[in-house]
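Colleague: I'm new to this structure and would like a close look at one part of it. Could you pick a spot, walk me through it slowly, and then place it in the rest of the chain?

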Amino acid sequence: QVQLVESGGGLVQAGGSLRLSCAASGSIFSINTMGWYRQAPGKQRELVATMPSGGSTNYADSVKGRFTISRDNAKNTVTLQMNSLKPEDTAVYYCRAVVVLRDIQRLYWGQGTQVTVSS
């Protein structure tokens, strides 16, 4: 069994910063892509940023230049540094990981952490 546990959400004023962290634990052989998605009320879940094990990154256009994703492969963690936050960044943020379990890989989601940006 694999668990993803997120932390770091909260309430912040526009222009402020937050740092989200996600730690994967369990019977993990390795992790391919780790990343962050978000879902605002009444909207579909959308990609925020992803990072494969090789180190390249992919960002949504709406967060480029403001958010930075990083990961520690040895610790199975991924972090999202969010700067210059805007009210439209308000959403539940979910950690996502494609985990290799011996000879298969599976997709896992965290439970989500609320980020609220006030204007």
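Modeller: Sure, and one term first: a residue is buried when its relative accessible area is under 20%, exposed when it is over 50%, and partly exposed in between, using a 1.4 Å probe and protein chains only. Bear in mind that this is a predicted model, where local features need pLDDT of at least 70 and side-chain atom pairs count only at pLDDT 80 or more, while totals for chains, interfaces and linings use all residues. Residues are numbered from 1 along each chain as its sequence is written, and side-chain values use heavy atoms, with hydrogens and water left out.

Let's look at Arg38 and its partners. Arg38 is buried, and Asp89 is buried too. For Arg38 the relative accessibility is 6%, which is why it counts as buried. The side chains of these two residues form a salt bridge, with N and O 3.0 Å apart. Arg38 belongs to strand 4 (residues 30–39), whereas Asp89 is in the loop between strand 8 (77–82) and strand 9 (91–101), so this pair ties together parts that are 51 residues apart in sequence. By salt bridge I mean a side-chain nitrogen of Lys or Arg within 4 Å of a carboxyl oxygen of Asp or Glu. Strands here are DSSP runs of E with at least two residues, helices are runs of H or I with at least four, and both are numbered from the N terminus.

Arg38 has another partner in Glu46: their side chains meet in a salt bridge with an N to O distance of 2.7 Å. Glu46 has 36% relative accessibility, so it counts as partly exposed. Add Arg66 and you get a network of salt bridges linking Arg38, Glu46, Arg66 and Asp89. Side chains of opposite charge can pair when their charged atoms come close.

How many salt bridges does a search of the whole structure find? It turns up 4. One of them joins Lys64 to Asp61, with the closest N and O atoms 3.1 Å apart. Asp61 has a relative accessible area of 65%, so this residue is exposed.

Now back to strand 4, where Ser30 also has its place. Ser30 counts as partly exposed because its relative accessibility is 26%. Not counting residues up to four places away in sequence, Ser30 touches Val99 and Val100; a contact means heavy atoms within 4.5 Å. Asn83 is another matter: Ser30 and Asn83 are 53 residues apart in sequence, and their C-alpha atoms are 30 Å apart in space.

Next comes strand 8, which holds Thr79. With 11% relative accessibility, Thr79 counts as buried. Leaving out neighbours within four places in sequence, Thr79 is in contact with Arg19, Leu20, Ser21, Trp36, Thr68, Ile69 and Ser70.

The loop that holds Asp89 also has a place for Ser84, between strand 8 and strand 9. Phi of Ser84 is positive, near 50°, in a residue other than glycine. Ser84 is partly exposed, at a relative accessible area of 40%. Past strand 9, Arg102 lies in the loop leading to strand 10 (104–109). Arg102 has a positive phi as well, near 55°, and with 77% relative accessibility it counts as exposed.

On the other side of strand 8, Lys75 lies in the loop between strand 7 (67–72) and strand 8. Lys75 has 59% relative accessibility and counts as exposed. Lys75 and Leu18 are 57 residues apart along the chain, with their C-alpha atoms separated by 21 Å.

And the chain as a whole? Its secondary structure comes to 0 helices and 11 strands. The radius of gyration is 14 Å, close to the 14 Å the globule rule gives for 119 residues, so the chain is as compact as a globular protein of that length. That radius is taken over C-alpha atoms, and the rule is 2.2 Å times the number of residues to the power 0.38. Along the principal axes, the C-alpha atoms fill a box of roughly 45 × 25 × 25 Å. Buried residues make up 42% of the 119. Among contacts between residues at least 6 apart in sequence, 54% join residues at least 24 apart.
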